[in-house]
Amino acid sequence: MPHWYETVIEVFKRNEIRLVTYVPDKVLAPLIKAIEADDYFTSFIPAREEEALGIVCGGWMGGMRGIVLMQTSGFATLANVLASLAVPYQIPLLMMISERGTLGEFNLGQAMVCRTMRPLLSSLGIETHTLSRRDELDFTVDRTISQALATHAPAALILSPLLTHAKRQEA
Amino acid sequence: MTVHAAITTRLSRFDLTCRLVSRLKNGEAVVGGIGNSNFDLWAAGPRPQNFYMLGSMGLAFPIALGLALAQPTRRVIAIEGDGSLLMQLGCLATIAERAPLNLTLLVMDNGTYQITGGQKTATHHGADLVAIARGSGLADSNWAANTEEFENLLDTALAADHPHLIAAKIDGAPGRETTDRDPAWIRDSFMRGLGTRE
């Protein structure tokens, strides 16, 4: 069975997702490493998540599909730009969020900011799926991307520790 | 290099925007930042390749970077105010690192958050956005001290193979008109203008 990030890359390619902007994260590191090593992708690190979102929105309007990779805390900085750019302009902004703050978090700030993530996505009406099972990974990522593109709507894919097996953190 | 403290003449945002638009003959994409940058772009005349932001303050340059990467054979210009750029300074370093062939950045610096009541920005107190851009790695960043300099810098930028930033100290005139307020229409029209939606 392929690693989770290998499946994700395969699905990105199937859907012609070429532009990847990200703010680094330890759990995302193997996905980032594989994307950076693959000439299919244009990938780089903006200074913050808002900027990463703006670049991918601009890229899509220019005909290049993309996705933003980030951690839970980075997602929490995006409320205004989701509400004033991606959602009202009907841009199929794709986000993959590495979930921190749950299932063994040691950092209270991460745990608290994690609680804001799904309510924010829900209140903006953004299609959201949590990726926790390898056997459903290909289907869920593929169909979430294809629906976002077909309906011109943003979508969020949350990478659960159940999928990524993030290292157990000692307090 | 002109330093901003030495500039005494204030230029007109609407006039500079018209000088830009008059040069665009090849379907160049233009991204207008929120507020008066946008309003004067709208007032300078309709173009199918104009994108008008109705929020997401600070993202004109990042949106333009995405466009420039997606369409490397089309020139992309972004117009941003000083308050907006101060909110997203990191994007200058990102653009310098990516160095797209086809991106030109314009900064309209009036030293105030004009739309919200004229509160003073950091540029009023001395922050020099051209120096910040150069320090971020955008070596071809310059102040246009007058309209002739602006036009010369613009002609150079629009023929260059790497990003240029041109900043101007502008007067306090408000935007001439307001843009349409329908984001879905703006986006759809823009994409049809770019040929990415039929």
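The paragraphs below lead through a predicted model of two chains, from its confidence scores to the contact between the chains and then to the interior of chain B.

Residues are numbered from 1 along each chain as its sequence is written, and chains are lettered from A, with ligands numbered from 1, in the order in which they are written. Because the model is predicted, local features are given only at pLDDT of at least 70 and side-chain atom pairs count only at pLDDT 80 or more, whereas totals for chains, interfaces and linings use all residues. The mean pLDDT of chain B, where pLDDT is the predictor's confidence in each residue on a scale from 0 to 100, is 96, and 99% of the residues of this chain reach 70 or more. For the model as a whole, the scores are ipTM 0.97 and pTM 0.98.

Between the two chains, 26 residues of chain A are in contact with 26 residues of chain B, a contact being a pair of residues whose C-beta atoms, placed from the backbone, lie within 7 Å. On the chain A side, strand S2 (42–44), helix H3 (49–61) and helix H5 (79–86) each supply at least two of the touching residues; helices (H or I, at least four residues) and strands (E, at least two) are DSSP runs numbered from the N terminus. H3(A) gives the largest share of that side, nine residues. Sorted by class, the side of chain A that touches chain B holds 14 nonpolar, nine polar and three charged residues, where Ala, Val, Leu, Ile, Met, Phe, Trp, Tyr, Cys and Pro count as nonpolar, Asp, Glu, Lys and Arg as charged, and the others, Gly among them, as polar.

Within chain B, a pair of helices can be followed by eye. Helix H1 (residues 13–22) of chain B packs against helix H7 (residues 147–158) of chain B at an angle of about 35°, with the axes 11 Å apart; the axes are lines fitted to C-alpha atoms, for helices over the stretch in contact, and angles run from 0 to 180 degrees between N-to-C directions. From H1(B), Asp15(B), Leu16(B), Arg19(B) and Leu20(B) meet Thr147(B), Phe150(B), Glu151(B) and Leu154(B) of H7(B), and the residues of this contact divide into four nonpolar, one polar and three charged.

H1 of chain B is also among the elements that cover the buried residues of H2(B), together with strand S1 (29–32), strand S2 (50–52), strand S3 (76–81) and strand S4 (103–109) of chain B. Helix H2 (residues 36–43) of chain B is largely enclosed by the rest of the structure, because seven of its eight residues are buried; a residue is buried if 20 or more other C-beta atoms lie within 10 Å of its own, exposed if 12 or fewer, and partly exposed in between, with C-beta atoms placed from the backbone. The buried residues of H2(B) include Phe39(B), Leu41(B) and Trp42(B), but also Asn36(B) and Asp40(B). Just after H2(B), Gly45(B) takes a positive phi of about 120°.

Helix H3 of chain B is likewise largely enclosed by the rest of the structure, since 11 of its 11 residues are buried. The largest nonpolar core, a set of buried Ala, Val, Leu, Ile, Met, Phe, Trp, Tyr and Cys residues joined through C-beta atoms within 7 Å, has 112 residues, and those touching the most other members are Val56(A), Cys57(A), Ile67(A), Met95(A), Ala64(B), Ala78(B) and Ile166(B). The largest share of this core, nine residues, comes from helix H3 (residues 60–70) of chain B. Not counting residues up to four places away in sequence, Ala78(B) touches Val31(B), Ala60(B), Phe61(B), Ala64(B), Leu105(B) and Leu106(B).

The loops on either side of H3(B) also hold buried residues. In the loop between S2 and H3 of chain B lies Ser56(B), which has a positive phi of about 45° although it is not a glycine and is buried, with 26 other C-beta atoms within 10 Å. Met57(B) sits in the loop between S2 and H3 of chain B and counts as buried, with 20 C-beta neighbours inside 10 Å. In the loop between H3 and S3 of chain B, Arg75(B) is buried with 22 C-beta neighbours inside 10 Å and, leaving out residues up to four places away in sequence, touches Asn26(B), Glu28(B), Asn102(B) and Leu158(B).
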